[in-house]
Amino acid sequence: MQQEHNMIVAALSRFVGRESGKLLVRRIAGSKLCRAAVAVVLPFIGVVAAFGIAPDTVTEPRKQTPVVLELALPASSSAGAPVEGYWREERVLHGDTLATLLARLGADDPEALRHLRATRSARALHQPAAGRTARAQITTEGQLLELHYRNGANHLTVKRDGGGISVAEHPAELELRVLMKSAEIRTSLFSASDAAGLSDAIATQLADIFSTDIDFHRDLRRGDRFSVVYEMFHDRGEPVRAGRVLAAEFINVGRLYRAVYFQYDEKRGGYYTPDGRNIRKAFLRSPIEYSRISSGFSSSRFHPILGTWRAHNGIDYAAPHGTRIRATGDGVVEFAGRDHRGYGNLVVLRHQSRYTTWYGHLSGFAKGLRKGTRVAQSETIGYVGATGLATGPHLHYEFRINDVHQNPLRVVMPAAPPISAELKPAFEVEVEPLVQQLKLLRSTHLARLD
Ligand SMILES: [Zn+2]
């Protein structure tokens, strides 16, 4: 199903353009239209497969080759007689040189080897990077006709035309695909996402999306689960970098949180619950960004013992010296400086009129931060330290309403505005297939656990 989905995205992207392809798939996938889409796209899948599964074809017997040849020939070479040659794709192995790579691609072409070795613009090929792929068109006599190699974000093309061999490098045309994953938390968000094959970029986005509801430093428990639908940029079938999370759900201590991305104008968008409430709240749960460094929950597990809370009046976040501290809400700096009651270097922010947040023991302040400075939610205001009455580097964080201490992990936070009535119909059209995908992921994940 996953592969089928990817193929549809790839096929649509290729034939109707990247953006509309993505949108179409977003609308079709997971809905009843899915079958119809497969049928419609089917004629194209043959073409996509010629690119998409090329890495597998090389391990198969030679007799497979003519099929690949016929489908993958670029239209541009149709001028004149058909070119005698076949396409082959190889993954670069550790220790590969230009010579060994060309040999594995089936080339027996000393002239091309000599030329490429002497060409500065083909530098990336002199020591090809392990794990990348090269695709080449080779004649039955072993002459190199064309070669493609991805060099970082660029695409290197080698072409034999007329008498000579040309080398050109241009930005790779990335293809956007929508992927889905589910995972269960055993020790931390990052280890779970590693196990599921999700990149750090996606794990960090997840933590960020749910950061107003879940304090990822303290609230995570073994057995928590999440599913995510996200974009991934590919270059000829290879994942290159993660895009945006489109939808996600997180089950934390039995409570289900869901978020879908909705772009409400040309440039801006945000995360909402499926019924259109804004995920963003006036305050984040945690002033410290969830990172790989602080990903374990067992050591910093919070015990909400009332006595401890009352005596302490705040929450301590153990974090390495210099870790960034972010403003939990939009506000104005009321105090930034040395405090002599034990807070050490202290920042106090005022939000609207009733709320203040306190950040103590800082090693330093954000540049230019002083009384009266406006700060936005998530903006860095200072760095973790051990100034004042602190035995080791940690952040002491307080949340007060009308100067009365509150437990920031328990207090109900006011939300940002919901989807407007005007945008609601568009929102529902966009969001429905995403919600269906999350549902599907949840049920398949549960089925696997049974
Ligand atoms: Zn403290």
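The buried residues of helix 10 pack against helix 9 (189–195) and against four strands, namely strand 7 (225–235), strand 8 (238–252), strand 9 (255–263) and strand 10 (269–272). Helix 10 itself spans residues 200–209, and its buried positions are I202, A203, Q205, L206, A207 and I209. These assignments refer to a predicted model.

Over the whole protein chain, the secondary structure consists of 12 helices and 20 strands. The chain has 450 residues, of which 35% count as buried. Among contacts in the protein chain with a separation of 6 or more, 63% are between residues 24 or more positions apart.

An open sheet is formed by five strands in the order 1-2-3-4-5, with antiparallel pairing. Its edges are strand 1 (86–91) and strand 5 (164–171), each of which pairs on one side only. From one strand to the next, the twist averages 15°. Within this order, strand 3 (residues 144–151) and strand 4 (residues 154–161) run antiparallel and are joined by six bridges. In this pairing, N151 is located opposite N154 of strand 4.

A further set of antiparallel pairings involves strand 15. Strand 15 comprises residues 355–362 and is mostly covered, with seven of its eight residues buried. Strand 14 (residues 344–351) pairs with strand 15 in the antiparallel sense, and this pairing extends over six bridges. The residue of strand 15 that serves as bridge partner to V347 is Y359. The two strands, 14 and 15, form a hairpin in which three residues lie between them. In the turn of this hairpin, Q352 adopts a positive phi of about 50°.

Strand 15 also pairs with strand 19 (residues 394–401), again in the antiparallel sense and over six bridges. Here G360 is placed opposite H396, a residue of strand 19. Strand 15 thus has antiparallel pairings both with strand 14 and with strand 19, and Y359 and G360 are among its residues that take part, Y359 as the partner of V347 and G360 opposite H396.

Notes. Residues are numbered from 1 along each chain as its sequence is written. This is a predicted model: local features need pLDDT of at least 70, side-chain atom pairs count only at pLDDT 80 or more; totals for chains, interfaces and linings use all residues. A residue is buried if 20 or more other C-beta atoms lie within 10 Å of its own, exposed if 12 or fewer, and partly exposed in between; C-beta atoms are placed from the backbone. Two strands pair if DSSP finds at least two bridges between them. Axes are lines fitted to C-alpha atoms, for helices over the stretch in contact, and angles run from 0 to 180 degrees between N-to-C directions. Two residues are in contact if their C-beta atoms, placed from the backbone, lie within 7 Å.
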